[in-house]
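Me: I'd like a close look at one residue in this protein, and then how it fits into the whole thing. Could you walk me through it?

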Amino acid sequence: MTGNMRVLVAGGAGFIGSHMTKMLRETGHEAVVYDNLSHGHRDAVSQAQLVVGDLADSRRLDSLFAAHRFDVVMHFASFIEVGESVSNPAKYYRNNLANMATLLAAMAQHGVARIIFSSSAAVYGEPGCVPIRECHPQQPVNPYGRTKHMAEKLLADYGRVHGLGYTCLRYFNAAGSDPDGMLGERHTPETHLIPLALQAASGRRSCVTVFGTDYDTPDGTCIRDYVHVTDICRAHLRAMDRLCAGATSGAFNLGSENGYSVREVVQAVSRVTGRPVPVVETGRRRGDATRLVADARLARSELAWSPRYPDLDTMIAHAWAWEQKTVGAESRRTGSVRVGGLVAASG
């Protein structure tokens, strides 16, 4: 374990970034969050300095790096919605790629030589074999995946020219929430399956939509590998230790190595919550791969990492606790409760 590190957490007010900031503080590191709050939440940054700013703002970044002597940068500030990337690719290339170049330029100018990058299984595209190893050809099928793939190439170029040490962590599907109940998933709009299904179970939405039922899978729906958000954060700590110990740069898959179909996830949500999850089936979305399941052996061996919460039901149970907390807060704020998607006055 490395000593106390000063870490810049770009996108640290978002889902994974806020969990990472909390874990950094709990493990004795200093975290400074840099976030434009377009998708993050100010109240998700607990006991850490929050600097509100955009990665496109080179002057703001220069001031930030001049004011702090960062040891490591952790990058969580990407846009992540596959469907939106298909309909609005320019937004994704600006934020996920051009802004990454601006950040790397600031790091090089100020002598910050280590970065851990939130990459994605989307870099692989439609895989030729499952489970997917890191050496699998990268042929992303949507702009989101292409921006992640290009960002990895940009990191490699900076590594060659500037001696940048980097680790790309290719998440499969981040899920769950802080086991302490302090943080959870709050995307606006929400596009991830598990929180959508939980909102349908709690009555905050009328149903969950299943996109495509004619895939080449046992039940016709897409198959994904889910990894708990706190396990992702633990992998970042391992990656930081590894980089600070002088290890070479590289990329690692993060997943539970188990694949679950959309229908299986919906059934699991109903099982864990004890509530029905209304479903509406519709056609496929552009850019969705059929199966994405990780081979995470490299992370196990090189990062000494393995999931602490590999079980899908556990991930759902942690996320359900956060959903119930959210419903309770909404009821207290509005003076009403939701029953089956309908709003009823309370008191």
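Reply: Let's start with the company T167 keeps. Setting aside neighbours within four places in sequence, T167 is in contact with I115, I116, F117, A239, L243, G250 and F252. Bear in mind that this is a predicted model.

As for where T167 sits, that's strand β6, which covers residues 165-171. Is T167 buried or exposed? Its relative accessibility is 0%, and buried means under 20%, so T167 counts as buried.

Now zoom out to the whole chain. Of the protein's 347 residues, 54% count as buried. On the contact side, take the pairs with a separation of 6 or more: 77% of those contacts come from residues 24 or more positions apart.

The strand holding T167, β6, belongs to a fold with 10 helices and 15 strands. The radius of gyration of the protein is 20 Å, close to the 20 Å the globule rule gives for 347 residues, so the protein is as compact as a globular protein of that length. If you're setting up a box, the C-alpha trace spans about 55 × 50 × 40 Å along its principal axes.

Last, the outside and the charges. The protein's accessible surface comes to about 14800 Å², and carbon and sulfur atoms own 49% of that. There are 37 positive and 34 negative charges, and their mean positions are 3 Å apart.

Technical notes
Residues are numbered from 1 along each chain as its sequence is written. This is a predicted model: local features need pLDDT of at least 70, side-chain atom pairs count only at pLDDT 80 or more; totals for chains, interfaces and linings use all residues. Side-chain values use heavy atoms; hydrogens and water are left out. Helices (H or I, at least four residues) and strands (E, at least two) are DSSP runs, numbered from the N terminus. The radius of gyration is taken over C-alpha atoms; the globule rule is 2.2 Å times the number of residues to the power 0.38. Buried means under 20% relative accessible area, exposed over 50%, partly exposed in between (1.4 Å probe, protein chains only). Contact means heavy atoms within 4.5 Å. Accessible areas come from the Shrake-Rupley method with a 1.4 Å probe; for residues, only the protein chains shown count as cover. Lys and Arg count as positive and Asp and Glu as negative; His and the chain ends are not counted. The place of a charge is taken as NZ of Lys, CZ of Arg, CG of Asp or CD of Glu.
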